[in-house]
Every structure is written in structure tokens, then in C-alpha cells.
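User: Please take a close look at a single part of this model, the one that meets its bound partners. Give me one connected account that I can check against the coordinates.

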Amino acid sequence: MTLIYIDLKRYFSFDLKKCMHSGQIFGWKNFGKKWYGFLNKVPVCVSQEENKLIVVSNKSITEDDIIYFFNLDEDVDKINKKIDVNDFMEKAIELYCGIRVLRQDPVETIIEFVCAQNKNIPAIQKTITEISKRYGEKAEMNGITFYGKPNIRKIAKSKLSEILETGIGYRAKYLLSTAEKISEDSTYVDKIRSMEYFSALNAMTSGKMKLYGVGLKVADCILLYGFYKLEAFPIDVWILRAYHYALKGFYDENLLSVNGFRKTKLSRKEYLLMGDVARKVFGKYAGYAQLYIYLASRSLFGGSKKF
DNA sequence: CTTGGACCTGACAAC
DNA sequence: CGCGGCAGGTCCAAC
């Protein structure tokens with residue numbers, strides 16, 4: 001039994017709930033203030049009390065593991081300063097201060113975001129939980145059962161019909177193909193890790209290393225949340241809705257409209273261009289800016305679904 | 001190179 | 001209470 005208290009006063013502003021609700025992590029179970037999930041392949045229960053982060057586990061885990069996973073020692077003051085380029089960003093930073101880009105396992109993020117496409121958050125969580133249940137490990141703490149750590153090789157070896165039982169829908173063939181590809185090449189993840197952002201994005205979405213079912217947006221999510229490549233700026237429908245506010249004046253607004261209406265779909269070229277604008281404005285912290293914009297957009301346009 | 005459909009499934013709002 | 005449109009996109013075929 002491990003019990004770790006981390007004094008958050010030693011770090012920059014941190015908010016566990018905001019991190020867990022930021023759309024970058026799925027499959028953790030939430031009861032009240034407690035979150036159950038796998039951290040560095042170890043089942044844990046995490047909670048926050050004001051200036052303390054509390055992590056409980058019945059397996060071995062260190063304070064450093066936790067600091068690393070939650071990126072506690074990230075200099076977010078510096079980042080926030082850099083991306084605070086207008087009133088919109090200032091407000092978003094103020095509202096969602098305490099957020100971090102987490103350091104999840106790369107393979108798990110690949111599974112997560114292949115499944116997440118064209119689904120809403122409750123549906124994503126349901127599917128990820130089902131996948132973890134079938135292809136991952138079971139854990140129990142405080143009488144609560146939860147699952148995590150889905151095994152990519154196990155997925156690669158299973159049948160399409162089996163994967164379909166998770167509620168994943170038409171993405172089943174994407175997941176199977178991607179699982180096969182990563183399982184075949186044991187160096188796949190390391191190769192992506194060692195590449196700089198653009199090479200990695202291109203590798204995952206085209207050519208020999210292309211993953212079936214991984215387009216630009218999903219690849220960006222994987223690179224940001226799974227590989228901690230902060231230049232990644234995933235553009236989904238929420239970013240598209242708020243782009244006009246977050247990056248007003250930094251780009252040609254005709255790019256985002258057709259006959260006066262906001263575009264709902266981007267071509268590859270447009271997607272890359274809009275990302276480049278964000279990278280130019282936010283520098284190497286585009287990924288952090290994306291998190292703030294995403295959350296602000298959800299609260300602005302998300303109706304009852306806002307956090 | 002760009003564009004419009006199709007696509008599994010389910011939580012959700014609007015009647 | 002059941003129905004229809006939509007959801008953190010991507011693939012594919014056809015211009």
C-alpha cells in the first residue's frame with residue numbers, strides 16, 4: 001500500500017478536476033473527488049484537497065511518477081504569459097488555470113483517439129471502458145472496480161466481431177489495423193517519439209508508417225497527449241468554432257468561411273495552415289493554447305454540456 | 001488536390 | 001414515449 005501526499009504549493013497552479021475534464025484523457029472512473037485509473041501502468045486513486053494531491057495505490061509508485069504524469073513542475077506561468085495574446089486567451093487562461101497537458105502512455109492515447117473520432121464524450125468514455133475491460137487489466141480499490149492499460153497485442157490478435165462488442169462501431173477496423181501495425185513494429189512508438197513534430201505528423205498520417213483511421217486531427221491528439229509534442233494543435237469542431245475569437249487578426253478570415261458561413265470541414269492543406277497560424281502565434285506552446293481554447297469553446301457553445 | 005457522402009452507435013434534445 | 005439529427009473525423013470515390 002502506497003500513500004503519497006504532494007504539496008502543490010511547491011508547484012504552479014494545478015487543478016486535477018480540470019485536467020481530468022479537459023478531453024485529453026478517458027477511461028478513468030470518477031466518484032466525488034476521487035479518480036480511479038492507471039497511472040504509469042499502476043492502478044491508483046487520485047484526489048485533490050486544496051494544496052495537496054493525494055495518490056493511493058496498492059502497488060509501487062513514486063512521487064516522481066506522479067509529478068511526471070501530471071506535469072506538476074511545468075512552468076505554466078511562462079506558458080500562459082506566452083499564449084496570452086488577446087482578451088479571449090486572457091479570459092480562457094483565467095477560467096481554466098491549473099490545467100496541464102498530461103503525459104499519458106503513447107499506445108493508450110493511440111487507442112483512445114482512434115476510438116474517439118466522431119463520438120461524443122459519454123460515448124467515448126463508454127467505449128474506452130469497454131476496451132479496457134476486454135483488452136486491459138482489472139483493478140479494485142475502495143470497493144470500486146475499474147479497468148485500464150489496454151494491451152495492443154491482444155487487440156491485434158482479436159477478431160473484428162470481438163472488437164465490435166465494445167460499441168466502437170465502424171472504427172473497429174481502424175483499431176484492428178492500427179493495433180496490428182504497432183504490434184508488428186516494436187520500434188514504431190520509439191520512432192515517432194524520436195521524430196520532431198512535423199515528421200511525426202506526416203509519418204502517422206501518410207506513407208509507410210501511416211495508421212489506418214488516424215487522420216490529422218487524431219494524429220495531433222496522439223502527438224500532444226501521448227508524446228508530449230507541444231507544437232501539436234489538434235483542430236476539432238470546437239477549436240473551429242472558437243478559432244475566430246482566439247486567433248482574430250492573425251489570419252485571413254476568408255479561410256474559415258464559405259459564403260459567409262463558418263466552415264465545418266477543413267482540407268488537409270487548410271488544416272495544416274490553421275495549425276501553422278496557431279504555432280506562429282503561440283510558439284512551441286500551441287498545444288497548451290489548444291486546451292484553453294477547447295475548454296472555452298465548450299463553455300461558450302456547448303450548451304448544457306459544458307463543464 | 002479538393003469535395004461530398006457514408007459510416008456504427010448511443011446519449012440527448014425537442015416535440 | 002419514440003423519433004431524428006448529431007457527435008472532439010476519416011476513408012473513399014469522383015471531379
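Analyst: A polar contact here is a pair of N or O atoms within 3.5 Å; inside the protein, one of the two must be able to donate a hydrogen and the other to accept it. The model is predicted, and the distances below are computed from its atoms.

A contact within the protein shows how the definition is applied. In S183, a polar side-chain atom lies 2.8 Å from the backbone oxygen of A179. S183 belongs to helix α9, residues 172–184. S183 counts as buried because its relative accessible area is 14%, and the cut-off for buried is under 20%. The helical setting has a general geometric background: an α-helix has 3.6 residues a turn, so residues three or four places apart point the same way.

The part to look at closely is the surface that meets the DNA. DNA strand B has 13 residues around it, and those that come nearest are G169, Y170, R171, K265 and K269. Among the strand B atoms within 4 Å of the protein, 48% belong to sugar or phosphate, with the rest in bases. Y170 contributes through its backbone: one of its N or O atoms there is 3.1 Å from a sugar or linking oxygen of strand B. R171 works through its side chain, where an N or O atom is 2.9 Å from a base oxygen of strand B. K265 also has a polar side-chain atom by a base oxygen of strand B, at 2.5 Å. By class, the residues of this surface are three nonpolar, five polar and five charged.

Y170 and R171 are also linked to each other. The charged end of R171 sits over the Y170 ring, 4.3 Å from the ring centre. Y170 appears again on the other strand, since the residues closest to DNA strand C are G23, Y170, G213, D236 and Y294.

In total, 28 residues surround strand C. Of its atoms within 4 Å of the protein, 61% are sugar or phosphate atoms and the remainder belong to bases. Three polar contacts to its bases can be listed. A polar backbone atom of S22 is 3.2 Å from a base oxygen of strand C. The side chain of Q290 places a polar atom 3.3 Å from a base nitrogen of strand C. For Y294, an N or O atom of the side chain is 2.7 Å from a base nitrogen of strand C. The elements that supply two or more residues to this surface are α12 (216–226), α13 (237–246) and α15 (286–301). The largest share, five residues, comes from α12. Sorted by class, the surface near strand C holds twelve nonpolar, nine polar and seven charged residues.

Of these three elements, α15 can be described further. It has 16 residues and spans 22 Å from its first C-alpha to its last, close to the 22 Å expected at 1.5 Å a residue. Most of α15 is covered, with 13 of its 16 residues buried. That burial is computed on protein chains only, so the DNA does not enter into it.

The rings and charges of the protein complete the picture. R241 lies over the face of W238, 4.3 Å from the ring centre. The structure has 15 aromatic pairs. One of them joins Y36 and F146; it is tilted, with 5.5 Å between centres and 45 degrees between planes. This pair links distant parts of the chain, with Y36 in strand β3 (residues 34–39) and F146 in strand β7 (residues 144–148), 110 residues apart. Both Y36 and F146 are buried. Another pair, Y243 with Y251, is edge-to-face at 5.0 Å centre to centre and 85 degrees between the planes. Y243 and Y251 are likewise buried. F14, W28, F69 and F70 make up one aromatic cluster.

Two loop residues deserve a check of their backbone angles. Most residues other than glycine have a negative phi. N118, in the loop between α5 (106–116) and α6 (121–135), has a positive phi of about 55 degrees. N118 is exposed because its relative accessible area is 65%. N142, in the loop between β6 (137–141) and β7, has a phi near 50 degrees, also positive. N142 counts as exposed because its relative accessibility is 56%.

Note on methods: Residues are numbered from 1 along each chain as its sequence is written. Chains are lettered from A and ligands numbered from 1 in the order in which they are written. This is a predicted model: local features need pLDDT of at least 70, side-chain atom pairs count only at pLDDT 80 or more; totals for chains, interfaces and linings use all residues. Side-chain values use heavy atoms; hydrogens and water are left out. A residue is near a molecule or strand if one of its heavy atoms lies within 4 Å of it. Ala, Val, Leu, Ile, Met, Phe, Trp, Tyr, Cys and Pro count as nonpolar, Asp, Glu, Lys and Arg as charged, and the others, Gly among them, as polar. Helices (H or I, at least four residues) and strands (E, at least two) are DSSP runs, numbered from the N terminus. Rings of Phe, Tyr and Trp (its six-membered ring) pair if their centres lie within 6.5 Å; planes under 30 degrees apart count as stacked, over 60 as edge-to-face and the rest as tilted. Buried means under 20% relative accessible area, exposed over 50%, partly exposed in between (1.4 Å probe, protein chains only). A charge sits over a ring if NZ of Lys or CZ of Arg is within 6 Å of the ring centre and within 35 degrees of the ring normal. The expected span of a helix is 1.5 Å times one less than its number of residues.
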